[in-house]
Amino acid sequence: MSVLTRDEAQTRAELLDVHRYTIELDLTTGDETFDSRTLIRFSAHTDGDSFVEVRPDELRSVTLDGHPLDPEALDGNRLPLKNLTAGEHELRVHAHMRYSRTGEGMHRFTDPTDGETYVYTQLFMDDVQRVFAAFDQPDLKAVFELSVQAPEGWTVLANGITQQADGVWKAAPTPLISTYLVAVAAGPWHSVRTEHRGLPFGLHCRRSLAPHLDADAEELFDITHACYDRYHEKFDEPYPFDSYDQAFVPEFNAGAMENPGLVTFRDEFVYRSAVTDTERQTRAMVIAHEMAHMWFGDLVTLKWWDDIWLNESFAEYMGYQTLTEATRFHDTWTDFGVTRKSWGYDADQRPSTHPVAPEAVDDTASALLNFDGISYAKGASVLRQLVAWLGDKDFLAGINTHFARHKFANATLADFIDSLAGATERDVHAWADAWLRTTGVDTLTPQVVPGENGTCALTVDHAGSRPHHIAVGLYDRDLGDDGGHLVLRERLHLDLPRNGAHPIGKRPALLLLNDGDLTYAKVRFDPESFETIRKELSGLPEPLTRAVVWNALRDAVRDGELAPAAYLETARAHLPLETDLAVVQGVLAFASRYIADHYLTPEERPAALATLSDLCRDLIRRTEDGDNPGLRLIAVRHRIDVAAHPDTIAAWLADGTVPGGPELDPELRWRVLARLAVLGATDEAAIASELERDPSATGQEGAARCRAALPDPDAKARAWQAMFGSDDLSNYLFTATARGFWQPEQADLVRTYVPRYYADAVDVAARRGPAIADAAGHWAFPAHAVDAENLRLGEQCLRDAGPIPALRRKLVDQLDDLARALRVRQGKEI
C-alpha cells in the first residue's frame, strides 16, 4: 500500500475540489466481506492527472463520467484518474470490502455471550479506503450521504440522524467534513435516548452490556449535557451537527474517536465490575475530550497531519478544564498530573521525540506515529501554560476568532497563532516558536541564598530555553498541637528566566517549584526541601501539590538521581496516609511496573514486592470501615498484582471475596487467576471453569492472558504460535495473550523466546498492519529482560530487519526505556 505524502496531498488539493460522496453499503453479503458503492462528485481546476484511494477485497467496476475504467489499473490502494479535464466530474466505484478483525476500517465482532454480531468503522488517518473509495486527505472536505442495508433487527448509526425504509437505513447528509471522520456503527444495539436543548442524544452498546449501560446512563447523560452546556458558554459557534450519539463498541483500538455526531468509545467504559471514582472521572474526561473535538478537529480541521496538536492537545486541555468547571469532578488536573503528564515527559526524553507542532510530517505513516504523549499530554500541558501566561479571556477570544474564520474548513498552526495574536498584546508568535517547535523537557532547580537577619532569597537554575510562568509554593511546618502538617505560607508567581534573586523571607521547610503544575518542566528540590519531603510529604495540604512532588521523585528515579529503593521507602512511609485515589494509583503503578519490574535487579525484586504487599495491606486495613471503597479497591488490585505467594489471593478466589469486602467481581476474579497462573498455582482446568462462569468477550481475554501466563513450556509455545504463527487473533486477544506471556518470575522459562521475538514481530507487523504492530511492539516486547543482550538484539533488528514504521517507533521507545533501566540499575545519572 502506498502512503500519502504531504507533497502529493498538496498537489491534489490544488487540482481538485470534492463536493459530495454518496455511499451505499450492504452489510448482508456474508461474514467476511461487504458491498461498497461510492459516487463522488468533484471538480478539477485545470486539466491534469490524479488518483483516488481504495483498498478492496475485489474491485468490481469503476466509471468516470459514465466511461468505464479498468479495475486492473488499481495499483495497491491507488486508482489512477488520468487526463482529467477542468470542470465537474462523477466517479463511481463498486467494490467488495473485507471486514477487519484488528479495529481498522469496518471492524466485525461477534459477542461470545449471546452470538450477536456488531460492525463499526474506525477510519482514522487512512483507513477510510478499507470501507469506500475516497480522496483521502483531511483538507478535501465534502458532504457525505450514506445509506446502509443491514440485517433484520439491526440498528444503523451514522454521523447524522438515521431513518429506515424497506430495510435500508439512510443518514442525513453531513455538513462539510473530512473523510477520516465518517462513521457507521451497525448491529442489534441496546440504546438509551434523550433530548437536550432540542438536540437528540443517544447512548448505545452491545445487548449483553445493557444492564451495565442502564445503570450508568443517568451519569453519562449528566456529564455529556454539562459539557455541552459549558462549551456553549465558552464558544461562540454552536454545536455544528444534528445529533449526538455515543456508541460503546467492542475491540476498539483507541480510547474513543471524535466522529461528528457519532462518537465511538471502547466499551470497557461500560463498567461490568466495580471501579473507582477516579476511573469514572477518566471516563468523564474522555466524554469531554471527544465533545471538544466537535469544534477542535471536526468544525475546524487540520490541513495536514503536522498540525495534529490542533486536534488532540486542545481536546485534551479542554476535556480536563471543562470537566473541572462543569461537573462534580473538581480535581481532574491532579489525575492529569499523575497519569497523563508523565506520559508526555517520558515520550519527550526518547530518541523518537518530536515538537508538539512539527514543521513537516512527510506522509501518513509518519503522522500516525505522532499520536503519542507529546501530541496529547505535552500539548495539553503547553496549552495550560499558555493560559497561565496569557489569561483565560484572551485565550478564549483567540479560539473564537479561529472558529469564525475557519469553520467547516481547514487551518494550520500559523492560522491559529494569527487568531490568538489578534486577542492579545503578548508575542504569541515567539511563544509558539519556543514551545511548539522545540523538543525536550526543561529542568528547574531551586537555589536558596542566605540573606541577613535569618532571611533568604530564591534563584532558579533553568536547564532549557523555554519561558515559564510558574507558581512557587513556600511551606512551613504546622506549629499547632497535632503537628505533622505543612501549611502554605505563600505562592509566588515568577516568570522564568529571570535575573537576580527573589526575596522569600525566612527559610521555608519546603520550597516547591511549579506548585499547581501550571508549566511543563521537571523540577528538583534543594537539600532541605528534599529532607522535608522524605519525612513529611503526606502532610502537604493539596492533592495537586502532592502530585507535583511525586512526579518530581519519579523523574529523579528515571534520571538516576534518586535510588529506586528510596522511592519505595517514601511510598511505604506516606502512601498509607494518602487520600487522593489518582495519586495512590499512580504511585503504586510506577512502583510495581517500573521500580520492581525494571529498575531493581532480580535479586532485589522480592524485597520490593514484599514492601508493596505490606503497603497494600496497610491500605486495606485502613479502609475496613467501608468509608473509602475506591481506595480499598485500588489496594486490593495491587495486592493481587504483587503477590509473591499464592495462599492469600487463592483463598480470596475460593471464598469469592476479600475478607471485609469487596466481593470478587469478574475483573477481580480474572486478576487473581492471572497472578495465580504466573505463580504456577492454577491450571488449564481452573481457567476453563472460570471461562464457563464468564464467557463474555472480557472473559475470553482473561482466559487468553491466564493461559499465556502459565509457567509451562507447552502453554508458552501455544501462546507464541497464536500471536506470531497465525493471523487468527483479534487485536484484543493478541494483546491479552501478549500481556500474559512475559513474566519476570519466568525469565528462565522464556529466555529462548527473546531472540525469536524480533524476527517474529517484524513478520507479524508486516502481515497484519499498524494496529497489530502497535500491540506487538508494546505488549509483546520482552521488557522484563533488562540486559545488554536484549538491547543488542533490538538495535540489530532496527538496523537490519526493516520493521514497518509503527513497529519501528515502538521498538525505538522500548529499547530506550530498556537502556534507561540498565543505567538506573548501574546507578548512573541520565
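Display the molecular surface of the protein chain first: the accessible surface comes to about 31000 Å², and 48% of it belongs to carbon and sulfur atoms. Accessible areas come from the Shrake-Rupley method with a 1.4 Å probe, and for residues only the protein chains shown count as cover. The model is predicted: local features need pLDDT of at least 70 and side-chain atom pairs count only at pLDDT 80 or more, while totals for chains, interfaces and linings use all residues. Residues are numbered from 1 along each chain as its sequence is written, and side-chain values use heavy atoms, with hydrogens and water left out.

**The whole chain**

Switch to a cartoon, which presents 26 helices and 28 strands; helices (H or I, at least four residues) and strands (E, at least two) are DSSP runs, numbered from the N terminus. The radius of gyration is 27 Å, close to the 28 Å that the globule rule gives for 830 residues, so the chain is as compact as a globular protein of that length. This radius is taken over C-alpha atoms, and the rule is 2.2 Å times the number of residues to the power 0.38. Reduced to its C-alpha trace, the chain spans about 90 × 70 × 55 Å along its principal axes.

Next, colour by burial: 60% of the 830 residues are buried. Buried means under 20% relative accessible area, exposed over 50%, and partly exposed in between (1.4 Å probe, protein chains only).

**Salt bridges**

The structure holds 70 salt bridges, each a side-chain nitrogen of Lys or Arg within 4 Å of a carboxyl oxygen of Asp or Glu. Four stops follow.

Select Asp31 and Arg108, whose closest N and O atoms are 2.9 Å apart in a salt bridge. Asp31 lies in the loop between strand E1 (16-26) and strand E2 (33-44) and Arg108 in strand E8 (residues 105-110), so the pair ties together parts that are 77 residues apart in sequence. Arg108 is buried, at 10% relative accessibility.

Move to Arg272 and Asp694, which form a salt bridge of 2.8 Å, N to O. Arg272 occupies the loop between strand E19 (262-266) and helix H3 (277-293), and Asp694 the loop between helix H19 (684-693) and helix H20 (697-709), so this pair ties together parts that are 422 residues apart in sequence. Arg272 is partly exposed at 24% relative accessibility, whereas Asp694 is buried at 7%. Then select Glu279, Arg637, Asp641, Glu667 and Arg671, which salt bridges with shared partners join into one network.

At the fourth stop, Arg197 and Asp229 meet in a salt bridge of 2.6 Å, N to O. Arg197 lies in the loop between strand E15 (190-196) and strand E16 (199-205) and Asp229 in helix H2 (residues 210-234), so parts 32 residues apart in sequence are tied together. Arg197 is exposed at 64% relative accessibility, and Asp229 is buried at 19%.

**Backbone geometry**

Most residues other than glycine have a negative phi, and most peptide bonds are trans. Remain at Arg197, where phi is positive, near 50°. Asp166 also has a positive phi, near 55°; Asp166 sits in the loop between strand E12 (162-165) and strand E13 (168-171) and is exposed at 82% relative accessibility.

Finally, select Leu496 and Pro497, joined by a cis peptide bond with omega near -5°. Pro497 is in the loop between strand E25 (486-496) and strand E26 (502-506). Gly661 and Pro662 are likewise joined by a cis peptide bond, with omega about 5°; Pro662 belongs to the loop between helix H17 (647-655) and helix H18 (666-678).
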